[in-house]
Amino acid sequence: MTADLLELKKHYELAIVGCGPAGMSAALNAKIRNRDFVLLGTEECSPKLAKAPQVDNFLGFPGIKGEELRLRFFEHLRHLGIQIVPLKVTNIYPGPPFTLVGKDKSLEADAVILATGVSTQKLFKRESELLGKGLGYCATCDGPLYKGKSVIIISYSAEGEAEANFMADICSHVFYIPYYSDIVRINPRVEVRQGKVSEILGTNGVEGVLINSERLEADGVFILRESVPAEQLVSGITLNDGAIAVNHKLETNIPGLFAAGDCTGQPYQLVKAAGEGGTAALQAIKYLDALERDESANAALRATGAQPPDPQTPEIPVPQLLLH
Ligand SMILES: Cc1cc2nc3c(=O)[nH]c(=O)nc-3n(C[C@H](O)[C@H](O)[C@H](O)COP(=O)(O)OP(=O)(O)OC[C@H]3O[C@@H](n4cnc5c(N)ncnc54)[C@H](O)[C@@H]3O)c2cc1C
């Protein structure tokens, strides 16, 4: 069901980031339309759906357990031959084409759908101010910058253990603060600290964290949550009340970038997520068709010796946001 990272191509027409109901629904619509797309997700696709004890409001499935519905979604993808590539995206640089950067890989896509869900974890005090000043969301991506230095890794799942183990080979010291129970496999060179972080320390650059009211010093801090906040994933994205602002076509303020599901705001419901995912895919396909028409028109212009419009200012109009 999950594909190998090595199978990733360098470029896709469409990249779907997030493998919950919204992302899966987007993927199946892209597949039915026979488009060149990739579905990117984390190790566990939709822990939220897995945790839903009983779902009573998903049409056609009265009283179904969240986990059972999740397995049915997977079965639907498998039936269509759709694979999920386990790549947590940490940065998206607007294009066209967009560049998506993950832990071990990067790729390009002409259009992107964000279906990353919503994080229930609050940001730490001073996290936003110190982002990029020694604070990041992917330890292995920035690993070489911390060679011989000390880092603190705060992780909300066991997936962070691999990052801590990797950093232990590079850094002078690695502190690991798990925000979950039951550590699976941690390198003996990693120092595990249990407790609650109340603040990230530093003014112009990270100096450490305050844990259980005690100062723990380090050169860098990495926070590994299931999802990266949208504004940190894509610089310049417009938010509305903390959610990604979209119009009724699920377009964000960035041309070619769409969003669907919980990440676009309340209500946090499966049927909304699946519906928005499907709609976003269809709208992304329309965008790709327009982009292709534009490129053909530009090629025809070039053939006549005329100058096509500046590629930095594509002819596709920036969508007007009709906020919910
Ligand atoms: C306990 C519980 C019970 C619920 N019960 C119901 C119910 O009865 N009825 C109902 O309608 N809804 C219910 N919900 C809500 C429902 O589960 C959500 O609305 C739905 O899962 C949202 O789907 P989504 O695809 O938008 O996001 P999610 O399901 O959160 O999926 C997002 C996925 O994207 C992945 N991801 C995030 N960031 C990245 C990244 N940067 N790169 C790659 N992948 C990423 C995440 O790991 C996750 O797998 C319940 C939720 C909970 C927690």
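Domain bounds here come from an automatic or database domain assignment. On that basis the chain is divided into domain 1, residues 5-119 plus 228-297, and domain 2, residues 127-224. The model is a predicted one. Domain 1 is thus written as two stretches, with the numbers of domain 2 falling between them.

How far apart are the C-alpha centres of the two domains? They lie 29 Å apart. Contact between the domains involves 6 residues of domain 1 and 6 residues of domain 2. On the domain 1 side, the touching residues divide into 2 nonpolar, 2 polar and 2 charged.

Turn next to the ligand. A shell of 33 residues surrounds it. The closest are Gly18, Gly20, Gly117, Ser227 and Gly261. By character, the shell holds 16 nonpolar, 12 polar and 5 charged residues. Which elements supply at least two shell residues each? They are helix H1 (21-32), strand S2 (37-41), helix H2 (47-51) and helix H8 (270-303).

Two of these helices also pack against each other. Such a pair is described by the angle between the axes and the distance between them. For H1 and H8, the angle is about 35° and the axes are 7 Å apart. The crossing of H1 past H8 is right-handed. From H1, the contact draws on Pro21, Ala22, Gly23, Met24, Ser25, Ala26, Asn29 and Ala30. H8 answers with Leu270, Ala273, Ala274, Glu276, Gly277, Gly278, Ala280, Ala281 and Leu282. Together these contact residues comprise 11 nonpolar, 5 polar and 1 charged.

Now the strands. Strand S4 (residues 89-93) and strand S5 (residues 98-102) form a hairpin, with 4 residues between them. Their pairing is antiparallel and runs over 4 bridges. Within the pair, tyrosine 93 stands opposite threonine 99 of S5.

Further along the chain comes an open sheet of 3 strands, in the order S11-S12-S13. Its pairing is antiparallel. Which strands form the edges? Strand S11 (197-202) and strand S13 (214-217) do, each pairing on one side only. Neighbouring strands of the sheet are turned by 25° against each other on average, direction ignored. S11 pairs with strand S12 (residues 206-211) over 5 bridges, in the antiparallel sense. One bridge in this pair joins isoleucine 200 to valine 209 in S12.

Conventions: Residues numbered from 1 in each chain as written. Predicted model: local features only at pLDDT ≥ 70, side-chain atom pairs only at ≥ 80, totals over all residues. Pairing = 2+ DSSP bridges. Axes fitted to C-alpha atoms, helices over the stretch in contact; angles between N-to-C directions. Near = placed C-beta within 6 Å. Nonpolar A, V, L, I, M, F, W, Y, C, P; charged D, E, K, R; others polar. Contact = placed C-beta atoms within 7 Å. Left-handed = near helix turned anticlockwise from the far one by under 90°.
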